[in-house]
Amino acid sequence: MLFTEKQLLESTSRQELIAHVGSKHNKVLKVRKKLRYEAELTKLQSELVTLQKWIADNKMRVAVIFEGRDAAGKGGAIKRFKEHLNPRTSRVVALTKPTEVERGQWYFRRYIKELPNPGEIVFFDRSWYNRAVVEPVMGFCSPEQYQEFIVQVPEFEHLLYEDNLIIIKFWFSISKEEQAKRFKGRLENPLKKWKFSPVDQKGQELWKEYSYHKEQMFSKTHTNFSPWVIVKANDKKEARLESIRYVLSQFNYEGKGASGIQLLPDPNTIFRYHRSAVQIDI
């Protein structure tokens, strides 16, 4: 039905009728987009299940790192990656702030303990790259600790690469306006209030400082053996689909493509970092 009886009776002009058509059209588009997303996600997740079995059978070790500003959608993406995987050979690592003992240890030690075992996929909800952006901006580390970290990261990741550990590094990129919108949504949702912290609010106030350290991180830790992959994440659902697609595209696993879904990621949404790349969170 194009118009309800109520809409016909209440509309006093052609413009009002057109407005009703427009609202219906928008609702239809939203429903179609949601259905497409759910259908594609299901097929991509079935591919992830196949990939996981292949990784387990071949005793491979895979670490997928999710970095980005607060509210960029890292946790939501990880949830969709992990949703249907076998928990015996996959896990999520989201470390809290270091203990007093850990603060006296080599910085990477607490992360080394969490690296994947043979046949396992590990998803890092933030990683050792806390020291590249969040810690120096918020004053949680000294300038000397920051400089030491930046020098050591490429060597650390090269050792992992030489030991045949596969690392995929995602940076979820969102605009300042989108971040503010998501913070507001968290505060208004009683089920998501726990996600909001004073550090989150500082993210808006110190946006330029975050941008500076993010670019420093890219320029010093983007390497051929461990590149940064940028995900445009203002659209959460597209970011989830394309990041899954990217991971699947990196492996030639047995049974690949059986779901019939497109496995090549959209280069307009996800791409390797390079200096001229157009990012959202600048």
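Mentor: Let's start with a cut-off we will need: a residue is called buried when its relative accessible area is under 20%, and exposed when that area is over 50%. Keep in mind too that this is a predicted model.

Trainee: Thanks! Why is E120 called buried?

Mentor: Its relative accessible area is 8%. Buried means under 20%, so E120 counts as buried.

Trainee: Where is E120 found?

Mentor: Look at strand β3, residues 120-125. E120 is found in that strand.

Trainee: Which residues is E120 in contact with, leaving aside its neighbours within four places in sequence?

Mentor: There are I55, M60, R61, V62, T89, S90, R91 and L115. Contact here means heavy atoms within 4.5 Å. You can also look from E120 towards K53: the two residues are 67 apart along the chain, and their C-alpha atoms are separated by 9.5 Å.

Trainee: What makes D57 and K53 a salt bridge?

Mentor: The closest N and O atoms of D57 and K53 are 2.9 Å apart. The cut-off for a Lys or Arg nitrogen and an Asp or Glu carboxyl oxygen is 4 Å, so this pair qualifies. Both residues lie in helix α2, which spans residues 14-57, and 4 residues, about one turn of the helix, set them apart.

Trainee: Are D57 and K53 buried or exposed?

Mentor: D57 has 52% relative accessibility and K53 has 54%. Exposed means over 50%, so D57 counts as exposed, and so does K53.

Trainee: What about E135 and R131, buried or exposed?

Mentor: E135 has a relative accessible area of 11%, and R131 has 12%. Set against the limit of under 20%, E135 is therefore buried, and R131 is buried as well. They form a salt bridge, with the closest N and O atoms 2.8 Å apart.

Trainee: Which residue forms a salt bridge with R110?

Mentor: That is E102, with the closest N and O atoms 3.4 Å apart. This is within the 4 Å limit, so the pair counts as a salt bridge. R110 is at 8% relative accessibility, so R110 counts as buried.

Trainee: How many salt bridges does the structure hold?

Mentor: It holds 21. R36, E40, E238, E242 and R245 are linked in a network of salt bridges.

Trainee: Why is K192 called partly exposed?

Mentor: Its relative accessible area is 34%. Partly exposed is the range between the buried and exposed cut-offs, 20% and 50%, so K192 belongs there. You will find K192 in the loop between α8 (176-188) and α9 (198-205).

Trainee: What makes the patch of K79, K192, K195 and K236 positive?

Mentor: Lys counts as positive, so the patch formed by K79, K192, K195 and K236 is a positive one. A patch residue also needs over 30% relative accessible area, and K192, at 34%, meets that part of the rule.

Trainee: How many positive and negative side chains does the protein chain have?

Mentor: There are 48 positive and 35 negative side chains, and the centres of the two sets lie 4 Å apart.

Trainee: And what does the secondary structure of the protein chain come to?

Mentor: You can trace 11 helices and 6 strands. The C-alpha atoms fill a box of roughly 75 × 50 × 40 Å along the principal axes. Of the 282 residues, 46% are buried.

Definitions and conventions
Residues numbered from 1 in each chain as written. Predicted model: local features only at pLDDT ≥ 70, side-chain atom pairs only at ≥ 80, totals over all residues. Heavy atoms only, no water. Patch = residues over 30% accessible without salt bridge, like charges linked within 9 Å, V, L, I, M, F, W, Y side chains within 5 Å. Areas by Shrake-Rupley, 256 points an atom, 1.4 Å probe, with all protein chains shown as cover. Salt bridge = Lys/Arg side-chain N within 4 Å of Asp/Glu carboxyl O. Charge placed at Lys NZ, Arg CZ, Asp CG, Glu CD. Helix = DSSP H or I, 4+ residues; strand = E, 2+ residues; numbered from the N terminus. Buried < 20%, exposed > 50% of the residue type's maximum accessible area, 1.4 Å probe, protein only.
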